Amino acid sequence: MISDTQLKVVVVGLGYIGLPTAAVIARTGAQVLGVDVTQSIVDTVNSGKVHIEEVDLDGLVSGVVARGSLRASTQIEPADVFVIAVPTPFAEDHAPNIGYVLQAATNVATVLKPGDVVILESTSPVGTTEKVRDLLAQLRPDLKVPGKPGGATSEGPDIAIAYCPERVLPGRILVELIDNDRVIGGITPRCARKALAFYRRFVRGACVTTTSRAAEMTKLTENAFRDVNIAFANELSRVADTMEVDVWEVIRLANRHPRVNILSPGPGVGGHCIAVDPWFLVHADRANTPLIRTAREVNDAKVDYAIDRAAAMIEANPGTPVACLGLAFKANIDDFRESPALKVASELARRFGDRVHVVEPYANALPDAFDGTGATLTDIDAAIERCGIMIVLVDHDIFKSVPLDERADKIVYDTRGIWPDQPQPKPRTEPLRLAG
């Protein structure tokens with residue numbers, strides 16, 4: 001057994017999951033190398049700083065870099081454990097792209113040696129870990145690879161390959177990397193046990209072993225489950241608008257039933273997990289995933305619905321400045337990936353130009369989607385002073401703190417339900433006609 005101080009770990013990908021994972025492992029005393037293709041990220045980490053917003057991450061990275069437990073590079077090096085944490089996006093037809101995973105595995109193959117453990121953490125279609133195994137076997141015919149001819153010997157294969165998906169919440173990543181249960185799927189049971197021994201070095205939650213395919217589908221299932229339930233809430237919010245009923249009150253009352261737990265609606269679903277992962281299941285078996293596919297379509301359509309409703313409100317009040325509150329995909333983070341708030345705000349900016357003022361406390365500049373629109377980035381105090389229309393797109397704590405007396409005279413479209421005391425407009429004499 002390699003001691004923590006002797007263990008060498010390479011984490012490939014220093015994004016929202018890779019960097020916190022590398023820092024947590026480094027805190028155990030292991031020697032960790034973070035590998036990323038972006039030189040500026042490498043330079044930032046090596047200076048003891050971070051390029052992403054996450055609670056307590058800056059202090060942890062600063063400490064482990066100062067102690068020499070964590071460093072970053074664009075070049076891979078030999079190690080004992082390799083953790084792959086790179087993106088797995090999808091194409092326009094929702095086909096998953098595992099190219100980054102396979103490129104990472106290709107780089108790992110150049111430095112593999114007998115006894116090494118390779119763990120894929122990237123959310124991936126079912127069967128991806130086996131493709132990594134096949135690629136490593138092809139690139140390194142000198143090694144005995146689990147599940148391949150020559151790999152099942154009395155001494156066991158030369159390397160172990162496993163899949164262990166992350167299941168953390170932005171804003172709580174450092175806590176949940178340690179406390180949450182982990183599902184560890186091995187190419188073989190022996191591979192799973194090898195990976196289990198590694199995670200036991202820093203995970204307090206339960207570590208459950210299974211096959212790589214079961215672990216891959218578990219991750220996709222978790223996010224598809226949440227997507228389906230959010231779709232119900234988003235669809236319910238549209239019905240409530242038609243019926244001129246407060247959806248937040250309906251949900252609050254319905255949830256008093258002991259077996260009902262309706263989630264909160266919003267302007268859509270964002271992030272690199274829930275907005276993406278269900279498509280992996282649909283793409284793999286379209287004939288048997290009508291519910292999962294429909295949920296994705298409902299949540300994507302909620303973005304267009306929010307745009308149309310906000311635009312109708314703005315058009316009904318010519319010349320009134322508009323504040324779009326929030327761009328992140330969820331509260332109190334700086335992650336804009338697949339963000340419905342960003343899509344709504346940028347489309348409103350394209351339509352209404354310099355009337356639009358964007359409030360996003362976790363951004364220093366507007367994203368490229370606003371280029372040429374005339375929209376400006378401002379703070380909440382300036383927005384309250386200048387803007388008569390408020391479009392709430394993210395439930396950041398700073399927005400929740402705005403008292404009624406500062407917004408009572410505002411025209412508000414609250415997609416997050418953070419201001420339940422906001423005075424309601426008079427009932428319409430005719431239904432508001434919205435596309436979608």
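This is a short tour of a predicted model, with selections to make in your viewer along the way.

**Stop one: a tryptophan in a helix**

Start by selecting tryptophan 279, which lies in helix α10, residues 277–284. Is tryptophan 279 buried or exposed? With a relative accessible area of 5%, tryptophan 279 is buried. Now show its neighbours: leaving aside residues up to four places away in sequence, tryptophan 279 touches Phe90, His94, Arg293, Arg296 and Asp300. For a sense of scale, draw a line from its C-alpha atom to that of leucine 14: the separation is 24 Å, and the two residues are 265 apart along the chain.

**Stop two: the largest nonpolar core**

Next, select Val9, Val32, Phe82, Leu136, Phe198 and Tyr199. Within the largest nonpolar core, which has 75 residues, these touch the most other members. Add helix α1, residues 18–27, which gives the most to this core, with six residues. Then zoom in on leucine 136; its contacts beyond four places in sequence are Ala105, Ala109, Leu112, Val118, Ile159 and Ile161.

A second, separate core has 33 residues, including Ile307, Val322, Val358 and Leu366.

**Stop three: the cysteines**

How many disulfides does the structure hold? The count is zero. Select cysteine 207, whose nearest cysteine sulfur, in cysteine 164, is 7.0 Å away. Cysteine 207 is buried, at 15% relative accessible area.

Finish at cysteine 387. Why is there no bond between cysteine 387 and cysteine 324? Their sulfurs are 8.9 Å apart, which is too far for a bond, although cysteine 324 holds the closest cysteine sulfur. Cysteine 387 is buried too, with a relative accessible area of 1%.

Conventions: Residues are numbered from 1 along each chain as its sequence is written. This is a predicted model: local features need pLDDT of at least 70, side-chain atom pairs count only at pLDDT 80 or more; totals for chains, interfaces and linings use all residues. Side-chain values use heavy atoms; hydrogens and water are left out. Helices (H or I, at least four residues) and strands (E, at least two) are DSSP runs, numbered from the N terminus. Buried means under 20% relative accessible area, exposed over 50%, partly exposed in between (1.4 Å probe, protein chains only). Contact means heavy atoms within 4.5 Å. A disulfide is a pair of cysteine sulfur atoms within 2.5 Å. A nonpolar core is a set of buried Ala, Val, Leu, Ile, Met, Phe, Trp, Tyr and Cys residues joined through side-chain atoms within 4.5 Å.
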